[in-house]
Each structure stands twice: as structure tokens, then as C-alpha cells.
Amino acid sequence: MTLDAAHPLAHDSALPFALPDFAALEPAHYPPAFEAGMAESLAELEAIAANPEPATVENVLDAWEASGRLLDRALTAFFVTKAVDTNDALDAIEAEFAPKLARHSDAIFLNRASYDRLRALAERAASGQIALDAEQRWLLDDLLAAFVRNGVALPDADQERLRALNTRLAEVGTQFEQANLAARNAGAVTVTDEAHLDGLSAEEVASLRQPDGTFRIDLVNTSQHPLLAKLTDRALRRRIFEASVTRGLGADSQGAAEPADTRAIIVELARLRAERAVLLGYPHHAALVVERQCAKTTDAVASMLGRLAPAALAQARRDADELAARFAELYPGETFAPWDWSFVAETIRRERFDLDPAALAPHLGVDKVLAAVHDAAHRLYGITFERRPDLRGHTADAEVYEVREADGTPIGLFVMDFWARPTKQGGAWMNSVVRQSGLLGHRPVATNNCNVPAGTTTLDWDGVITMFHEFGHALHGLLASSRYPSKSGTATPRDFVEFPSQVNEHWAWEPDAVIPADLADRLRAADTFNQGFHNLETWSAMVLDQAWHTTPLADLPVSGADVEEFERRALEAAGLTYDLIPPRYRSQYFQHIWGHGYAAAYYSYVWAEVMDADAVAWFDENGGATRANGDHFRRTVLAPGGSVDPMDSWRAFRGREPEIGPLLARKGIAGQ
Ligand SMILES: [Zn+2]
């Protein structure tokens, strides 16, 4: 099956930097592109395996990386678009193709002839007949490992079972994504009387107003909702909190006509993953995942979380005493509850650190913050950003920027989509639309996606940090300098990829970067307050992820009704039961681990933060956000991306192994 030459995905787009022609793409374009792309990819890989010539870098690795371009273009355009603005047609296409794509992946990685061809190259390299450079060796090692980890060495009957498991996992994974979005939408809280919105700015109130005169508060991905810090009405805070943490639990808790219930879906996902791991020779899914991460073993992960999480709980209990005392003054005779925590913490923060949100607001305009994000990158890397209003991004209201080196050489495109919409995934993320590749002559196109409520023009400080964070991922893609597209930029292990993005958050705090120096100082002092809360909610979510993916199949829940009990016992076993602070994500809406590839890897954020804090210490020791320091970071960490062992990149940057001291100091748990 071939694709008509006039099809918008048939070739690399003719737009600058091969930016896909998003305006021309309709849902109907995708199915034929997927079908033709899968067929093309398999034919190309078959030709590589069947080549009678001795194996070389060119006819194995280069050919491998140059294959499957049509499918790659089509999938990238599809998923980038779908994530920001889905519809029934795109949902149906995803549901139809998820299992087909899983079978396609199996057709690649269960192909013994392909595996033998890669091994032939490895053998020629080992015997000195050909020389591989570091990038080639890393790619080859990784491909060989991928084949084994995907079951190429299994007997036929086991491969058959594996194919069935992978197909079913793809179907159920798609079900989760769609059910989770439905649960988030179903949980939205409606307010009829504007008086209940006391505490919000006029702009915030306006952004919630519906055509029928009511006010709609949409849930966010996390257990905590940003408005809980502002609303003075306890009853409304409680409604938002309860809607947030009970979403996805079905009718019992929400009473909706068509309850959104994700529990049976996540149980099936966990069980399928556990069964697959055993088939592949691992004790559980987490062992399979972590083997190719920086952490290497689940013991290493458990030991880090075991060191941090109990300290966070002790911290949180101390904070709670302080908050409960202030709460008693604010609401005499009432009982301090989970939905009060953010509000009281914000009150104390304002009082103690003299931080008036109104004083911050003039500096936190959406456009101003993006300009500050770009300025920080200019200071560190010399790069510049110029708006390209002539180019359309992956949604109509995205902004496109051309990125250039200090000497004017074009680097690539950065596409920014700020705005929330009901058809968009929650949270914030970066995508590579085009991965940089020397082999293919591709320059990078990277997106950032946030969920700023439409009609809002001012961010809160968390929103600022999020923009710097996601832009750190974008820089990882934009400043990549790799030969192979599959290893370019952010294509690193998960517990490494959050390291550059977290380092980039740091530049938001620089005096006069976003806010004036005196405000930045007060904000930083305030940031150390209430840390127990953030540490505990994040680290308990990490513990929960590990529990779902290290529990043997026989001990996993068998029905959706067991989900809450499993979660309770997992937190109890880790000594983290604390009713005032639920995990950042409860099991039934933990999108990172059920839908987004962070299964057994949510710990990555804190693992990478060890490197982040240690890297920031390096910048501090060496004079801060200077161009020379930026260039060192770019050369050692950003440019190589995933094309070499990430710990080699780390050592080239820091000159030694990572140390945890700077993280403990940052988290306020040093010496515990
Ligand atoms: Zn990130």
C-alpha cells in the first residue's frame, strides 16, 4: 500500500524546518498514512536483514535509523495534535490503531532475522573488523537490548502469548487515556452564586463564567487544585477537593449519571504488565523498566524513596501543627481538613514573607514570562527567538518561534501552546515534532504545552516554574547534536530526562529574570516553607507507582473494587498514611503511570533532581548563569542527548558521580 504523493504526510513537509503542515491535516489523512507507513517500515527492515553484504554501520545502523520515516511523521503529527485538541474522530483512530501499532512493534522486535543482523554487526565490531564510535556503540547496544527485552529470545509459544499481551495492553492503555479525560471533565464543579468565589481575582472569576451564567471549575490532573489556595469558602474548597480525589471511582462517590470509572482499567493494566514481565524473565514490571534506566535496580529506587519519604512525613507533621494553629484563628471551632491546607499555607506565606500576590502579578503576564524564559536561554546559550507569525503550529492559537545561534545560524523552531481547552490533556509537556538528526539532515522542531485557563493573562508562580521546566525539555531537543534520530535530544532514560528540565527551572529564580531581586529573595525564602507537603505528596505518589509495579501478579488486585484498599495498604506499608495529604495522584487518575510511559518510573523526577540540585551547585560554584557555564552544560549534557550513556554525560559535566547532599539541603531534610 502506498500513499498518494499529494498526501500531506507523504514526504517531509516543504515548510521551514520540515514543520508539518498542520493546517492541511484532517483526521482522515492518518489511517492511510499509518497503514502505508507500517508496511513501508517492515519492508525496509526486511531489506536490512536480508542484505547479503557483510554487516556495516551504513547497511545496518544508518539504514535502521533511516527507515520508517513515513510512519514516524504520521504518528508524530497525530499524537502531537491529539494531545492538545482531540475529537471523536481522532479518539476513534487511536482506539483502532493502538493495537495495530502494538502488533507492528512486535513484528519488528520479535523478528529473529533482524536480531541476527544486528548481532552480526556486533560480532564484526568485537573482532576488530570494523570500528564503532561511541554513538554507534550505544545505539547498537541499546537495539540489541531492546530485542531481548521485547522477547526475541523466547520460544514461539511464549512469543504468541507476548503478542496477545502487547495488543491488549495497547487497547486498555487507550481506554485509560480516554476514560481519565472523561473523569476529569465529569468531575468539574459548578458554582451558581458568584459570592462563593470570594478570594479569586475578577479575571479568574471571568475565566470560570459559563454562557448560562454559572461558573465552572475544571479539575486539573493532580489531587490538589490551584484554586484551593485562594477560595475563602470552605464548603466550596471541600467540593473541589473531593471531586478531585474521587474522580474515576465511579458512581459510588460522584453520583453522576454516567460515572467515569477507571478502576477496572488500571487493574487490568497492572496485571497485564506483571504477566508480561514474568514471561520475559523478570520478577515484576518495575524490574523490566528500571534495568535500562540510570537507577538500574528497583532496590536502588526503594532505597532512595525509603530514605526520603519518611523524612517528608515528619516534615509534613510539623507543618501541620503550625497550620492547624493558624487555622483555629481563621475558622474558630472548626476542624482543620485536607481542603484547608493550601489556603492556610498560602495565608501564612503571605503574612510571614510579606508576599502579596498582587505585587507579583504585574511580572507574571503570560507573554512576559515566556520572554523571560527566552532571555534566560539567551544568557546561557547565546540563542535568540524570533516570532514567525507566518507559520501555524499544532493548534491554531499556538505561537511559532524561529531559534537561532548567537551568530544567526538557524537552529530550529519552538512552538508554544499556552491555553487550556476541554479537548486537551491535563498538565504540561514538551513534544519533539521533528527530532534533530545529522544522519537525516533534520533540524529540530519542539513544542511546549501548558494549561493556562483561556482568558487568564497572569500566571501564578507554579505556572512560571512549569514554563521554565518544559522549556528545559525544549532546549534538550533544540540544542541536540546527534547522528541518530532515535537517540537525539530527550531520547534518554526517563530518570535522566527530567534533569535538564529541572535545571532550567532554576533560572526563574535569578534576580530580575522574572521578578525584581527583592521579590525573588522573599519568594525563595517563602519557597522553603511548607516543603513537607510537596515532598510528601510527590514521594508518596512515587511509592504508589512502585507498589503497583513491584507487586507480583498473584498479589495484585483482581477487580476495580480492590483499588482503594490496595492503595491504602501500599502507603501504610511504606509508613506514609497521612489523611491530610493525599498522594499527588491517586491510583485511579495517575496518568503518568497508566497512560504516559512513566510506569514504574515516576521516581525519575526525584532521581533526576539529585543531579539537578548537584548541577545547580556546580553553576553556583562557577559563577552562575554565565555564557561559559551554559556552553559547558550544552556541550556535555544537552547536545549528546540520548546518543551516549547518560552517566558519561553527567561525569563529563560534573567531573564526578552525583551527590545527594545538595538535594537534601534544598528539600529541608539535610541531616535527618
Ligand atoms: Zn518534565
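Is strand β6 (residues 429-434) largely enclosed by the rest of the structure or exposed, and how many of its six residues are buried? I looked this up before anything else, keeping in mind that the model is a predicted one. Five of the six residues of β6 are buried, so the strand is largely enclosed by the rest of the structure.

**Entry: β6 and its partner**

I then followed β6 to strand β7 (residues 445-452), and found that the two pair in the antiparallel sense over five bridges. To fix one point of this pairing for myself, I noted Val 434, whose bridge partner in β7 is Val 445.

**Entry: the cavities**

I searched for enclosed space next, since rolling a probe the size of a water molecule over the atoms shows where empty space is left. The count came to two cavities of 30 Å³ or more, and I looked up the largest cavity, which holds about 40 Å³ of space. It is lined by 13 residues, and those closest to its centre are Ser 432, Val 434, Arg 435, Gln 436 and Gly 477. The elements that give two or more residues to this lining are β6, β7 and α17, and β6 gives the most, with three residues. Val 434 therefore appears twice in my notes, as the bridge partner of Val 445 and among the residues closest to the centre of the largest cavity.**Entry: the zinc site**

Which residues coordinate the zinc ion? I found His 469 and His 473, each through NE2, and Glu 498 through OE, at 2.1 Å. Along the sequence these donor residues follow the spacing H-x3-H-x24-E. His 469 sits in helix α17 (residues 461-478) and Glu 498 in helix α18 (residues 494-505), 29 residues apart, and I noted that this pair links distant parts of the chain. I also checked how covered these two donors are: His 469 counts as buried because its relative accessibility is 9%, and Glu 498 is buried as well, with a relative accessible area of 2%.

**Entry: His 549 and Trp 548**

I turned to His 549, which is found in helix α20 (residues 531-550) and is buried, with a relative accessible area of 1%. Leaving aside neighbours within four places in sequence, I listed the contacts of His 549, among them Arg 273, His 284, His 285, Trp 594 and Ala 600.

For Trp 548, with sequence neighbours within four places again left aside, the contacts include Ile 266, Ala 270, Pro 557, Phe 566 and Trp 594. Trp 594 is thus noted for His 549 and also for Trp 548.

**Entry: the nonpolar cores**

Which residues touch the most other members of the largest nonpolar core? Of its 162 residues, I found that these are Leu 197, Trp 341, Trp 461, Phe 499 and Trp 548. Helix α13 (residues 298-330) supplies the largest share of this core, with 12 residues. Another core, of 31 residues, lies apart from it, and its members include Ala 10, Phe 17, Ile 93 and Leu 101.

**Entry: the second largest pocket**

The second largest pocket holds about 400 Å³ of space. Of the 19 residues that line this pocket, those closest to its centre are Glu 567, Asp 579, Pro 582, Pro 583 and Arg 586. I recorded α9 (234-246), α20 and α21 (563-573) as the elements that give two or more residues to the lining, and α21 gives the most, with four residues.

**Entry: β3, β4 and β5**

I looked up strand β4 (residues 399-404) and found that it is mostly covered, with five of its six residues buried. Strand β3 (residues 384-387) runs antiparallel to β4 and is joined to it by four bridges, and within this pairing I noted that Phe 385 stands opposite Val 403 in β4. β4 is also joined to strand β5 (residues 410-419), by six bridges and in the antiparallel sense, and there the bridge partner of Tyr 401 is Phe 414 in β5. The hairpin of β4 and β5 has five residues between the strands, and in it Gly 408 takes a positive phi near 95 degrees.

**Entry: two aspartates with positive phi**

Most residues other than glycine have a negative phi, and with that in mind I looked for exceptions. Asp 354 has a positive phi of about 55 degrees although it is not a glycine; this residue is found in the loop between α14 (341-353) and α15 (357-360). Asp 512, not a glycine either, has a positive phi of about 70 degrees and is found in the loop between α18 and α19 (517-527).

Are these two aspartates buried or exposed? Asp 354 is exposed, with a relative accessible area of 53%, and Asp 512 is exposed too, at 56%; I count them so because exposed means over 50%.

How values were computed. Residues are numbered from 1 along each chain as its sequence is written. This is a predicted model: local features need pLDDT of at least 70, side-chain atom pairs count only at pLDDT 80 or more; totals for chains, interfaces and linings use all residues. Side-chain values use heavy atoms; hydrogens and water are left out. Donors are N, O and S atoms within 2.8 Å of the metal (3.2 Å for Na, K and Ca); water is not among the atoms, so sites may look incomplete. Buried means under 20% relative accessible area, exposed over 50%, partly exposed in between (1.4 Å probe, protein chains only). Contact means heavy atoms within 4.5 Å. A nonpolar core is a set of buried Ala, Val, Leu, Ile, Met, Phe, Trp, Tyr and Cys residues joined through side-chain atoms within 4.5 Å. Two strands pair if DSSP finds at least two bridges between them. On a 1 Å grid over the protein atoms alone, a cavity is a set of points where a 1.4 Å probe fits but cannot get out, and a pocket is an open set with protein on both sides within 12 Å along at least five of seven lines; lining residues have an atom within 4 Å of a point. Grid points are joined across faces, edges and corners, and a volume is the space filled by probe spheres set on the points.
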